[in-house]
Amino acid sequence: MNVKDSIALVTGANRGLGARLVDQLLDAGASKVYATARDPRGIASTVSGDARVSVLALDVTDQSSVDAAAKVATDVTLLVNNAGVLGFGSALEGDLDLFQRDTLTNQIGLLRVSRAFIPILTANAPGAIVNVLTLIALAPVVGMAGYCASKAAAHSITQSLRAELRDNDIEVVGAYPGGIDTDMLAGVDAEKAAPEVVAERIVAGVVAGQTVIWPDDASAGASSVYLGDPMGLERVLAG
Ligand SMILES: NC(=O)c1ccc[n+]([C@@H]2O[C@H](COP(=O)([O-])OP(=O)(O)OC[C@H]3O[C@@H](n4cnc5c(N)ncnc54)[C@H](OP(=O)(O)O)[C@@H]3O)[C@@H](O)[C@H]2O)c1
């Protein structure tokens with residue numbers, strides 16, 4: 001999709017990857033970006049000071065919040081479902097309340113926002129939905145079982161949306177990063193890509209018309225294992 005002159009909306013744009021995605025969309029020539037957050041006061045002034053940025057409240061788990069945002073942002077052509085949470089825990093012992101929170105945010109929240117904006121994207125077509133998933137949606141790592149399951153479900157929803165929107169002139173794109181150096185992984189000792197780099201590669205992938213984006217070196221390397229031998233990736237990530 002041509003990002004230049006697009007009108008984008010990014011969820012979870014107040015920090016981490018979402019904030020960098022706003023920067024990259026602006027750099028790529030988006031004519032407007034709705035930078036949304038649960039608490040819009042958290043949107044950095046460097047971003048909100050740009051005349052092309054509109055700041056909006058949007059909690060992906062709250063239908064009335066999503067509906068209110070969709071009432072305002074009726075000109076969107078590019079929806080970026082970035083908001084996410086990670087509750088640590090194993091499949092056997094992890095806190096099920098955290099598993100549920102991850103599901104409600106990462107799977108149902110993504111779908112809730114997509115459903116609200118699909119009529120808008122269809123009316124303004126051509127357009128795109130970009131879902132920020134993760135490499136570990138495709139095979140889990142130890143200690144993040146609920147998160148991985150919620151992202152695996154979001155990966156499946158992405159595939160369903162792609163099929164169901166085939167005739168709406170809406171591309172449905174999945175991005176599958178490896179570890180990123182944001183608050184989400186603070187304290188975890190792992191290889192992490194800079195969020196600026198991941199955001200830049202996601203936007204470049206959208207511009208290049210990629211349906212599946214591996215936006216960092218670790219995920220690009222792992223993708224060839226996954227594509228050749230899905231069980232091989234499962235063995236690698238399970239340690
Ligand atoms: N970090 C990684 O290693 C990594 C790797 C692969 C994929 N990802 C994915 O990348 C995306 C961005 O994560 P990040 O690394 O930037 O993490 P982050 O720094 O923890 O940021 C998460 C963002 O999601 C927002 N959010 C959480 N719940 C929300 C809700 N109910 N409604 C609206 N916004 C909500 C947060 O807003 P608040 O400030 O209000 O909490 C924050 O803006 C996520 O989908 C994540 O799963 C991350």
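In the predicted model, Asp169 is placed in the loop that runs between helix 5 and strand 6, the latter spanning residues 170-175. The backbone of Asp169 adopts a positive phi of about 60 degrees, although Asp169 is not a glycine. With a relative accessibility of 48%, Asp169 counts as partly exposed, because this value falls between the limits of 20% and 50% that separate buried from exposed residues. A second residue with a positive phi is Asp5, for which the angle is about 70 degrees and which is likewise not a glycine. Asp5 belongs to the segment that precedes strand 1, residues 7-10, and at 54% relative accessibility Asp5 counts as exposed. Such backbone values deserve a remark, because most residues other than glycine have a negative phi.

A further backbone feature is found at the peptide bond between Ala125 and Pro126, which is cis, with omega at about 5 degrees. Most peptide bonds, by contrast, are trans. Pro126 is located in the loop that connects helix 4, residues 96-123, with strand 5.

The loop between strand 5, residues 127-132, and helix 5 contains Thr134. Thr134 has a relative accessible area of 7% and is therefore classed as buried, the threshold for this class being under 20%. A polar atom in the side chain of Thr134 is positioned 3.4 Å from the backbone oxygen of Pro177, a separation that qualifies as a polar contact because it is within 3.5 Å. Leu138 is also assigned to the loop between strand 5 and helix 5, and its relative accessible area of 16% places Leu138 among the buried residues. Along the sequence, Leu138 and Asp229 are 91 residues apart, whereas in space their C-alpha atoms are separated by 12 Å.

Helix 5 itself includes Glu164, which is exposed, with a relative accessible area of 61%. Between the C-alpha atoms of Glu164 and Ala30, which are 134 residues apart along the chain, the distance is 26 Å. In helix 6, which covers residues 195-207, two positions were examined, one of them being Val207. Val207 is partly exposed, its relative accessible area being 43%, and its C-alpha atom is 22 Å from that of Ser224, although the two residues are 17 positions apart along the chain. The other position in helix 6 is Gly205, which at 3% relative accessibility counts as buried. Gly205 and Val173 are 32 residues apart in sequence, and their C-alpha atoms are 9.2 Å apart in space.

The ligand is surrounded by 28 residues, of which Asn14, Arg38, Asn82, Tyr147 and Thr182 come nearest. When these surrounding residues are sorted by class, the shell comprises 12 nonpolar, 11 polar and 5 charged residues. Helix 1, residues 16-27, and helix 5, residues 145-164, each contribute at least two residues to this shell. The space that the ligand takes up is the largest pocket in the model.

Polar contacts to the ligand involve both backbone and side-chain atoms of the protein. A nitrogen atom of the ligand is situated 2.9 Å from an N or O atom in the side chain of Asp59. On the backbone side, a polar atom of Gly12 is 3.2 Å from an oxygen atom of the ligand, and a backbone N or O atom of Gly84 is 3.3 Å from an oxygen atom of the ligand. Of the 880 Å² of accessible area that the ligand has on its own, 94% is covered by the protein.

Key:
Residues numbered from 1 in each chain as written. Predicted model: local features only at pLDDT ≥ 70, side-chain atom pairs only at ≥ 80, totals over all residues. Heavy atoms only, no water. Near = heavy atom within 4 Å. Polar contact = N/O pair within 3.5 Å; in protein donor to acceptor, adjacent residues only side chain to side chain. Areas by Shrake-Rupley, 256 points an atom, 1.4 Å probe, with all protein chains shown as cover. 1 Å grid on protein atoms, 1.4 Å probe; cavity = no way out; pocket = protein on both sides within 12 Å on 5 of 7 lines; lining within 4 Å. Sits in = over half its atoms within 2 Å of the grid points. Helix = DSSP H or I, 4+ residues; strand = E, 2+ residues; numbered from the N terminus. Nonpolar A, V, L, I, M, F, W, Y, C, P; charged D, E, K, R; others polar. Buried < 20%, exposed > 50% of the residue type's maximum accessible area, 1.4 Å probe, protein only.
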